[in-house]
Amino acid sequence: MKRYISFCLLITVVALTCTMLTSAKFEPVSDCEYTGLDNTSYQITSDSETESNEMPDSLTSDNMAEKGSSTESLLDTVDFNLTSGSEMAILKWDDICNAEGYNIYYKTLLSDEWILYDSTESTDITIKNLDGGRRYYFSIRAYCTKNSKLYESRYIIKSIVVDYNYCIYSAINDADIYNKDKKACGSIEKDSLYTGYYDYTYDGYIVINYMSTEVLVKSENVSANENAVILPTGTIGQYGGSIKGYSACGPTAVAILLNSEKNTNWNKDSLILFSEFNNLNDQGSLRKGGGMTDAMLIKLIKMYSGGNYSASNIYDSNSTEILKEQIDNGHRAIVVLQYSGGIVTHYSSKTHFVVICGYEYINDELFFYYADPYYGDGGDSIKIASAALISESMGMVVKEPKTLIVLN
């Protein structure tokens, strides 16, 4: 018990330290339709008191069922998963018994009009060309015909702030970076790579991802590459902070993944202590040469989040296509590579976790972008390697399970 209390106090101190040092996300300077960079989704059922967001009982036909009518025995309510991509929204749901198809509706925050986007027999749809930074509302209603009448199911409404269009920025000069108050808070080196917003600026500054936050840089110091398919990701260094995690690339990669994808504020030092306290490490301390397996990382995500998040290892030999598909669907992935002296190899006996976060075709060859904990101390957030090398390096790992971890 004393050990548990001591550990909790230490975690609290680390968490408080992180809270004081981490800057908040920037909010767009725009009208009230734009509600910041928070991608948290929530739902409003048809019984909600928020009348301005309720859907009309009948949307496309006088024969459609009203709320609470006998159609509840014909069609179940369609619940759905809603995620945001670069200027797009992705909806996925399970097939409903008796449904002949599904009507997909959406609206903006201030609009009173629901738009029928599409009718489909599929159980997933991607709505593109939306405005980054704007909150949209979505609903799906199953439909069927009975006695020559068309019926729709009851509904659930969910909303999300759509992601901006992201790109890779390359530093063309050594340059200062600034916080939202325009005060210098660090620097970037020439030729280093960062993810950032392509079509959004903050008071004239470019916004880039830097470690676990966002910072400002003057536009003349960076060059945008809009050809990459990239997810916003900031690297955390395994050697930074109060704990030098010489073999803590695993928990550091977990912090990168969760902070970038779920907008959490997980602290690398806290994750290292939590892992060691709960025996989620093998071969000794993560500060002195120990390590973690894929199963340990997956367990760490579940335990540290209190069950709110879970992950799976979906590796197979077709890793290139899997990674590309995951990125297209808005998901980063933790992979384990053969690694030597900060370089991805296909011959080293040493292994290392990184977070794949984007891809680009260069002269018809596929390359992956990744956040590497080895280089994270100075905020140098993104590296690039050919997909062929990444795939070969993943496949050559033999001392531990081959790994391609994604959040569920």
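In this predicted model, the count of aromatic pairs comes to 19. One of them joins Y239 and Y246, whose ring centres lie 5.6 Å apart; with 55 degrees between the planes, the pair is classed as tilted because edge-to-face would call for an angle over 60. Y246 itself counts as exposed, at 53% relative accessibility. A second pair, F274 with Y304, is edge-to-face, with the planes at 90 degrees and the centres 5.2 Å from each other. This contact bridges distant parts of the chain, since F274 belongs to helix α3 (residues 268-277) and Y304 to helix α4 (residues 294-304), 30 residues apart. The two partners can also be placed by their accessibility: F274 is buried at 13%, whereas Y304 is partly exposed at 22%.

Tyrosines also gather into a group, as ring pairs link Y239, Y246, Y339, Y374 and Y375 into a cluster. One member of this cluster, Y375, has a charged neighbour as well: K383 lies over its face, 4.2 Å from the ring centre. A similar arrangement is found at F80, where the charged end of K158 sits over the ring at 5.1 Å from its centre.

Turning to the helices, α5 (residues 319-328) is largely enclosed by the rest of the structure, because seven of its 10 residues are buried. These buried positions are S319, T320, I322, L323, K324, Q326 and I327. Their cover includes strands β17 (229-230), β19 (333-340), β21 (351-362), β22 (365-371) and β24 (404-407), together with helix α6 (387-395). After α5 comes G330, which has a positive phi, near 85 degrees.

Strand β13 (residues 193-202) is likewise mostly covered, with seven of its 10 residues buried. Its pairing with strand β10 (residues 166-171) is antiparallel and runs over five bridges; within it, Y194 of β13 is the bridge partner of Y169. Strand β14 (residues 205-210) also pairs with β13 in the antiparallel sense, here over three bridges, and G196 stands opposite I208 of β14. Together β13 and β14 make a hairpin with two residues between them, and D203 in the turn has a positive phi of about 50 degrees.

Finally, what of the cysteines? A search of the whole structure finds zero disulfides. For anyone with cysteine chemistry in mind, C185 is partly exposed, with a relative accessible area of 40%, while C249 is buried, at 8%.

Technical notes
Residues are numbered from 1 along each chain as its sequence is written. This is a predicted model: local features need pLDDT of at least 70, side-chain atom pairs count only at pLDDT 80 or more; totals for chains, interfaces and linings use all residues. Side-chain values use heavy atoms; hydrogens and water are left out. Buried means under 20% relative accessible area, exposed over 50%, partly exposed in between (1.4 Å probe, protein chains only). Helices (H or I, at least four residues) and strands (E, at least two) are DSSP runs, numbered from the N terminus. Contact means heavy atoms within 4.5 Å. A disulfide is a pair of cysteine sulfur atoms within 2.5 Å. Two strands pair if DSSP finds at least two bridges between them. Rings of Phe, Tyr and Trp (its six-membered ring) pair if their centres lie within 6.5 Å; planes under 30 degrees apart count as stacked, over 60 as edge-to-face and the rest as tilted. A charge sits over a ring if NZ of Lys or CZ of Arg is within 6 Å of the ring centre and within 35 degrees of the ring normal.
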